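Reader: Some terms used for this model need justifying. I would like to ask about them one at a time.

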Amino acid sequence: MKVEAYIHSLKDHAHDCHVLGEAEIIRRIGDNLYLAEYQGVMCIAIYNPFVGRYYVDDVYGLLGSIF
């Protein structure tokens, strides 16, 4: 499912805030751990129920390219 999520690589370091982008959540792979795809790269994501958003780690949680 396509979701609006906080993407790690899009973080605004000048203002120390997260930036939203579109990612696809492929499937759940553990307790609050998801397989996600962002710009053709498979990575991990977690869901924060307090803000109702996914956090996609496309910097340290890379799983490889799908293209």
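Reader: What makes the twelve residues of the largest nonpolar core a core?

Author: The model is predicted. A nonpolar core takes in buried residues of nonpolar types that are joined through side-chain atoms within 4.5 Å. The largest such set here has twelve residues, among them Val 3, Ile 7, Ala 23, Tyr 34, Ala 45 and Val 56, so they are called a nonpolar core.

Reader: Which elements give two or more residues to this core?

Author: Strands S1 (2-7), S2 (20-30), S3 (33-38), S4 (41-48) and S5 do.

Reader: Why are S1 and S2 said to pair?

Author: Pairing requires at least two bridges. S1 and S2 have five, in the antiparallel sense, so they count as paired. Val 3 stands opposite Ala 23 in S2.

Reader: How do you know that S2 and S3 pair?

Author: The requirement is again at least two bridges, and S2 and S3 pair over five, antiparallel; therefore the term applies. Arg 28 stands opposite Tyr 34 in S3. The two strands form a hairpin with two residues between them, and Asn 32 in the turn has a positive phi of about 55°.

Reader: Why is Asp 57 said to be in contact with His 8?

Author: Contact means heavy atoms within 4.5 Å. Leaving aside neighbours within four places in sequence, Asp 57 is in contact with His 8, Cys 43, Ile 44 and Leu 62, so each of these has heavy atoms within 4.5 Å of Asp 57. Asp 57 lies in S5 (residues 53-65). Its C-alpha atom is separated by 6.4 Å from that of Ile 7, 50 residues apart along the chain.

Note on methods: Residues are numbered from 1 along each chain as its sequence is written. This is a predicted model: local features need pLDDT of at least 70, side-chain atom pairs count only at pLDDT 80 or more; totals for chains, interfaces and linings use all residues. Side-chain values use heavy atoms; hydrogens and water are left out. Helices (H or I, at least four residues) and strands (E, at least two) are DSSP runs, numbered from the N terminus. Buried means under 20% relative accessible area, exposed over 50%, partly exposed in between (1.4 Å probe, protein chains only).
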